[in-house]
Amino acid sequence: MLTAKFYNAAGEQGADVQLPEELFDGRVHEAALHQTVKAYLANQRQGTAATKTRGMVSGGNRKAWRQKGTGRARQGSTRAPHWRGGGIVFGPAPRDYHQDVPRKVKALARRSAFNQHALNGEIAVIESLAADAPKTRAFAELLGKIGVADAMRVLILTDGASRNVYLSTRNLPNVEVMPFAQASAYDVMVARQVLIEQAALDAVKSGAGSEPADAEEVVNA
């Protein structure tokens with residue numbers, strides 16, 4: 001059973017809490033994690049890089065000079081690749097970098113990312129992140145009490161969308177806030193510290209946020 005540090009809404013540390021086994025089973029499937037993160041990064045590429053071949057470059061309709069008698073090498077067009085302003089040989093062309101990943105493999109990778117952070121002691125649970133109004137200074141002080149203010153990248157996972165929490169942290173350079181259900185394996189892996197709201201974990205225990213139990217069947221088949 002994996003555990004994590006627990007903090008109340010004021011940032012005071014309490015007794016460690018047990019993480020739900022539905023998500024934190026202690027196993028890290030590196031192959032699924034690698035495949036999912038690689039596909040995520042590939043899908044961010046626009047694939048719009050392009051160059052013009054000699055057939056696309058304007059000009060060069062007439063022969064540079066006559067074929068014989070000049071003492072120079074024969075040239076058919078000033079838009080040949082070896083001419084300045086000519087076409088590009090084997091240059092990039094627009095393409096689609098999209099990679100599909102099975103849903104169960106994504107779920108397995110997401111669970112593996114959480115397990116990796118839990119095994120490294122990089123997950124903390126907070127009682128509540130409710131805020132009456134956006135207050136960046138108050139939120140920065142809360143992160144300082146928890147001890148994650150100096151982390152290179154902090155991922156805060158809330159129980160559903162929380163506009164005030166988002167507005168409170170958007171000016172903090174190394175903090176990212178998103179609903180727990182929307183966090184992907186990549187979002188979890190790039191974080192150095194993960195802070196999860198207690199209500200989000202309670203939803204996992206009740207089955208509302210659990211992952212498919214047979215996710216490993218796809219990658220082990």
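1. From the N terminus on, the elements of the protein chain follow the order β-β-α-α-β-α-β-α-β-α-β-α-α, and the secondary structure comes to seven helices and six strands. The model is a predicted one, and everything in the points below should be read with that in mind.

2. As for overall form, the C-alpha trace of the protein chain spans about 95 × 50 × 25 Å along its principal axes. A compact globule of 221 residues would have a radius of gyration near 17 Å, whereas the protein chain has 27 Å. Buried residues make up 37% of the 221 residues, and of the contacts between residues at least 6 apart in sequence, 70% join residues at least 24 apart.

3. The six strands form an open sheet with mixed pairing, in the order β2-β1-β3-β6-β4-β5. Strands β2 and β5 (175–179) stand at the edges with a single partner strand each, so one side of each is left without a neighbour in the sheet.

4. Strand β1 (residues 3–7) takes part in two pairings that a new reader may wish to trace in turn. With strand β2 (residues 17–18) the pairing is antiparallel and rests on two bridges, and here T3 has Q18 of β2 as its bridge partner. With strand β3 (residues 123–126) the strands run parallel and are joined by three bridges, and Y7 stands opposite I126 in β3.

5. Elsewhere in the sheet, strand β4 (residues 154–158) and strand β6 (residues 193–197) pair in the parallel sense over four bridges. The bridge partner of L157 in β6 is I196.

6. Helix α1 can be checked against its expected length: at 1.5 Å a residue, its 14 residues should span 20 Å, and its end C-alpha atoms are 20 Å apart, which agrees. Within α1, the residues A32, L33, T36, V37, A39 and A42 are buried.

7. The count of aromatic pairs comes to four. One of them joins W65 and W83, whose rings are tilted, with 6.1 Å from centre to centre and 50° between the planes. Both W65 and W83 lie in the loop between α1 (30–43) and α2 (103–119), so the pair ties together parts that are 18 residues apart in sequence. W83 has 26% relative accessibility and therefore counts as partly exposed, since that value falls between the limits of 20% for buried and 50% for exposed. Separately, F24, F114 and F180 form one aromatic cluster.

8. Which residues lie over the face of Y97? R45 lies there at 3.7 Å from the ring centre, and R95 also lies over the face of Y97, at 3.9 Å from the ring centre.

9. A last residue to look at is K205, which lies in helix α6 (residues 198–206). With a relative accessible area of 44%, K205 is partly exposed. K205 and L19 are 186 residues apart in sequence, yet their C-alpha atoms are 9.1 Å apart in space. When its neighbours within four places in sequence are left aside, K205 is in contact with Q18, P20 and E22. Of these contacts, Q18 has already appeared above as the bridge partner of T3 in β2.

Conventions. Residues numbered from 1 in each chain as written. Predicted model: local features only at pLDDT ≥ 70, side-chain atom pairs only at ≥ 80, totals over all residues. Heavy atoms only, no water. Phe/Tyr/Trp six-rings, centres within 6.5 Å; stacked < 30°, edge-to-face > 60°. Buried < 20%, exposed > 50% of the residue type's maximum accessible area, 1.4 Å probe, protein only. Lys NZ or Arg CZ within 6 Å of the ring centre and 35° of its normal. Pairing = 2+ DSSP bridges. Expected span 1.5 Å × (residues − 1). Rg over C-alpha atoms; globule rule 2.2 N^0.38 Å. Contact = heavy atoms within 4.5 Å.
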